[in-house]
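Thank you all for coming. I would like to walk you slowly through one structure today, so please have a look at it on the screen before I begin.

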Amino acid sequence: MASDHSSLNQTKFALPNNDLEQQETMEVETKDFDYSKRSQWLRAAVLGANDGLVSTASLMMGVGAVKQDIKVMILTGFAGLVAGACSMAIGEFVSVYSQLDIEVAQMKRDNGRHRDEEEDEKEKESLPNPIHAAAASALAFSVGAMVPLLAASFIREYKVRLGVVLGAVSFALVVFGWLGAVLGKAPTLRSCVRVLVGGWLAMAITFGLTKLIGSSGL
């Protein structure tokens, strides 16, 4: 009888421990979910800035292969910034709006079921905003595109200007690669090298092909 009584006491005290463990598990899962949502947005911003950096720098290097005038190089970079930011914003707006239409349609289908008002409010708050996404994408692209523009703006010597643009872009590529690795929990060195080599290849290919076409007299 004594052994049965002690086992019952152990069972009574085991239940609260299980409840505490479940609460701790739910808290950890909630934190991980919140972190994953934030990291997705931050990672998208880093990728958008990297796109702006590489595309604008490649345009400026390509034009710089055949035109040494600083004004032409700056105008080309500025045009690339505006066109790229508009393209990114429109593409993101269309993509997120399509996602919004799908989620709204799903909510309408679920309205026939018995649902709490709190659940409906939470779902409405979690719906994506196409305007915010478009603005964030355009802003991220513009931030990356400003790096080569600022690097080339105040240097009139042609060869020095190309070297400064290459150095500034290389440094920014390493920073963006590191940020992407940290947010994505990937190996830092490998990510930095991959982003850096990719940016160098884009600039080298654009510079080489533009130089080839420009020297051919087309």
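**A helix with an aromatic pair**

Let me start inside helix α2, which covers residues 70–110, where F93 and Y97 sit 4 residues apart, or about one turn of the helix. Please keep in mind throughout that this is a predicted model.

How many aromatic pairs does a search of the whole structure find? The search finds 1, and the pair is formed by F93 and Y97, whose ring centres are 5.4 Å apart and whose planes make an angle of 50 degrees, an arrangement that counts as tilted. Are these two residues buried or exposed? Each falls in between, because F93 has a relative accessible area of 32% and Y97 has one of 38%, so that both are partly exposed.

Stepping back to the protein as a whole, we have 6 helices and 0 strands, and of its 218 residues 30% count as buried. Among contacts with a separation of 6 or more, 77% join residues that are 24 or more positions apart.

That brings me to the largest nonpolar core, which has 28 residues, and in which L53, V165, V169, L173 and F176 touch the most other members. At least two residues of this core come from each of α1, α2, α4, α5 and α6, with α5 giving the largest share, 8 residues.

Taking V169 as an example, and leaving aside neighbours within four places in sequence, we find V169 in contact with L53, A57, V147, P148 and M203.

Terms used:
Residues numbered from 1 in each chain as written. Predicted model: local features only at pLDDT ≥ 70, side-chain atom pairs only at ≥ 80, totals over all residues. Heavy atoms only, no water. Phe/Tyr/Trp six-rings, centres within 6.5 Å; stacked < 30°, edge-to-face > 60°. Buried < 20%, exposed > 50% of the residue type's maximum accessible area, 1.4 Å probe, protein only. Core = buried A, V, L, I, M, F, W, Y, C linked by side-chain atoms within 4.5 Å. Contact = heavy atoms within 4.5 Å.
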